[in-house]
Amino acid sequence: MSCLMVERCGEILFENPDQNVKCVCMLGDVRLRGQTGVPAERRGSYPFIDFRLLNNTTHSGEIGTRKKVKRLLSFQRYFHASRLLRGIIPQAPLHLLDEDYLGQARHMLSKVGTWDFDIFLFDRLTNGNSLVTLLCHLFNTHGLIHHFKLDMVTLHRFLVMVQEDYHGHNPYHNAVHAADVTQAMHCYLKEPKLASFLTPLDIMLGLLAAAAHDVDHPGVNQPFLIKTNHHLANLYQNMSVLENHHWRSTIGMLRESRLLAHLPKEMTQDIEQQLGSLILATDINRQNEFLTRLKAHLHNKDLRLENVQDRHFMLQIALKCADICNPCRIWEMSKQWSERVCEEFYRQGDLEQKFELEISPLCNQQKDSIPSIQIGFMTYIVEPLFREWARFTGNSTLSENMLSHLAHNKAQWKSLLSKQHRRRGSGQDSAAPTSETLEQTEGATP
C-alpha cells in the first residue's frame, strides 16, 4: 500500500516489517489505495472531501464550486462551523433549541462537579453537542484558556474535530461516552488528595485525554480487528491497536487545529507524549499491570504527588477509573450504559456470525446476557480498581458514594439474572465471565 493523501498536518511514518503496509501517514484523514486501485476511506464520521476541488472554479461536473463541495460535508460539521463559533451555549437561541433548553443546560453546567450529573439529558439539551459544550466550560472553569493563552475559536475548532470523529452509530463508544468520561475525570481531579498537587498542565492533559480517549472508535474490539486483518492491527502489530489509534488521531487533530502552535516546541512534544501515555493506559489488557503498581504504592505509602512521575501515574489511574465508572453511577444511568455496551458487543457478534467467524466472548446474544456480563465486569474489573482508588482518596465522600452505587447495581443485576434463570430454566444462561475472558475481549470493559 502507499499513502495517497494526507489532509491533516503532522505526518508520522511507520514501517511495517511484513510489507503489508510499506508506508502509512497517520495523524489525519488518510486515504489508502489498495492493490485493486480503489481508494478507501479510513474515517467514517463524515465523507472524504478532496479539498483540491475548492480551487477548481472551472470544473464542469457535479462538484465545481465551494458551495457545492460544502454540501458534501455532514450537516453537523457545517452547522457547528457556522453557528457554534465559541463552543459555548450561545446567548441567542439556535433554530433547533429554544431558550428553555438553553437555560436548563446552563443550570446543569453549574452542577457539573456532582456525581449524579445526567450526561444523557445534557446531550439532549445541547442538541448533541455535549462534548464540545462540556469541554469549553471546563477549560474556562479551570482557567486553562487564560493560563495557556488559548484562542477560543481555535479551541472550539479542535473540540468539534474530536466530537465529530466519534461515530454516532456506535451504541456505546460515541461522543456521549467521551463526555461522560470527561465529566467523571473532572470529579476525580477535584478529589482533595489529588487536587492540591495538580498543575494546569496536569488538568489540561487529564481533560483532553478523557475527551479523546476513544476517538474514531470503530465499534468493534481489538481481537476483531486482528482476526479480520484490519490495517490498524497490522500498523500497530496487534499491540494496543485501538488505543494507539485514538492517541495518534488526537495528535493529528491537535496539529491540524494548531491549538497549541503558539507554545514552545518542547512543551507541545511533551504534551503529545503524555497524552499518549494516558490514553494507552486505558487498554484493558494492562489492567493488572496498573492495579498491581497502585497496590504496591499504597502498601508502601511511597506516592509523592509533588513528583511529576507519580502525578502522571495517578492521572492514568484516574482516567482508567473514569473510563469504566458506569457501574458506579446511579442505577438508571448505569443500566442504560450497560445496555448500550452490550448492544455494541452483540452487533459485533452478528457481524462475526454473518462472515462465518468465531463469535467473540460476550458477543453472543443467545448465550451472553447483559446481567451475566455486567456481574463479571463489576466483580473482576471494576471492584478491584475502585477499592484501591478509595484507599488512595482516603475513602472520600465521592469514593464511598461510588462504591455504594456499585454494590447496589451489582445486586440489581444479580436479581435480574436470577429472574432470567427462573424464566428460562436453570443453566440456560451463561455464567458471569471470568477476569481472563473480560481482559481478552477488551471492551467488556468499555
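Q: Is K301 buried or exposed, and what is its relative accessible area?
A: This is a predicted model, and relative accessible area is the value to read here, since a residue counts as exposed when that value is over 50%. K301 has a relative accessible area of 68%, so it is exposed. K301 lies in the loop between α15 and α16 (308–323), and its phi is positive, about 55°, although K301 is not a glycine.

Q: Which other residue, in the loop between α10 and α11 (222–227), can I read in this way?
A: D216 is found in that loop. Its phi is near 60°, again a positive value in a residue other than glycine. The accessibility of D216 must be read separately from its backbone angle: a residue is buried when its relative accessible area is under 20%, and D216, at 5% relative accessibility, therefore counts as buried.

Q: How many helices and strands does the protein have, and what share of its residues is buried?
A: The protein has 20 helices and five strands. Of its 446 residues, 55% are buried. The surface that the protein exposes comes to about 20100 Å², and carbon and sulfur atoms supply 51% of that area.

Q: What share of the contacts comes from residues 24 or more positions apart?
A: One counts the contacts with a separation of 6 or more, and in this protein residues 24 or more positions apart account for 72% of them. Two pairs illustrate how positions along the chain and positions in space can be read together. M161 and V132 are 29 residues apart in sequence, while their C-alpha atoms are 9.4 Å apart in space; M161 is in helix α7 (residues 152–164), and with a relative accessible area of 7% M161 is buried. G168 and G128 are 40 residues apart in sequence and 9.7 Å apart in space, C-alpha to C-alpha; G168 sits in the loop between α7 and α8 and is exposed, with a relative accessible area of 69%.

Q: Why does the distance between the end C-alpha atoms of helix α5 agree with its number of residues?
A: The general step is to take an expected span of 1.5 Å times one less than the number of residues, and then to compare this with the distance between the end C-alpha atoms. For helix α5 (residues 130–141), the 12 residues should span 16 Å, and because the end C-alpha atoms are 16 Å apart, the two values agree. Helix α13 (residues 241–257) can be read likewise: its 17 residues should span 24 Å, and its end C-alpha atoms are 24 Å apart, which agrees.

Q: What covers or follows these two helices?
A: Nine of the 12 residues of α5 are buried, so α5 is largely enclosed by the rest of the structure; among the buried residues are S130, T133 and C136. After α5 comes G143, whose phi is positive, near 70°. In α13, 15 of the 17 residues are buried, so that the helix is mostly covered, and just after α13 R258 takes a positive phi of about 60°.

Q: At what angle do α5 and helix α10 (residues 200–212) pack?
A: Their angle is about 175°, with the axes 11 Å apart. An angle over 145 degrees counts as roughly antiparallel, and α5 and α10 are therefore roughly antiparallel to each other. In this pairing L131, L135, L138 and F139 of α5 meet M204, L207, L208 and A211 of α10.

Q: At what angle do helix α15 (residues 287–300) and helix α18 (residues 370–393) cross?
A: These axes cross at roughly 25° and come within 10 Å, which makes α15 roughly parallel to α18. The crossing is left-handed, and the residues that make the contact include L291, L294 and L298 of α15 and P384, L385 and W389 of α18.

Q: What is the packing angle of helix α17 (residues 331–354) with helix α19 (residues 397–424)?
A: Here the angle is about 60°, with the axes 10 Å apart, and that makes α17 oblique to α19. This crossing is right-handed. W331, S334, K335 and S338 in α17 meet H408, N409, Q412, W413 and L416 in α19.

Conventions. Residues numbered from 1 in each chain as written. Predicted model: local features only at pLDDT ≥ 70, side-chain atom pairs only at ≥ 80, totals over all residues. Heavy atoms only, no water. Helix = DSSP H or I, 4+ residues; strand = E, 2+ residues; numbered from the N terminus. Buried < 20%, exposed > 50% of the residue type's maximum accessible area, 1.4 Å probe, protein only. Contact = heavy atoms within 4.5 Å. Areas by Shrake-Rupley, 256 points an atom, 1.4 Å probe, with all protein chains shown as cover. Axes fitted to C-alpha atoms, helices over the stretch in contact; angles between N-to-C directions. Parallel < 35°, antiparallel > 145°, perpendicular 65-115°, else oblique. Left-handed = near helix turned anticlockwise from the far one by under 90°.
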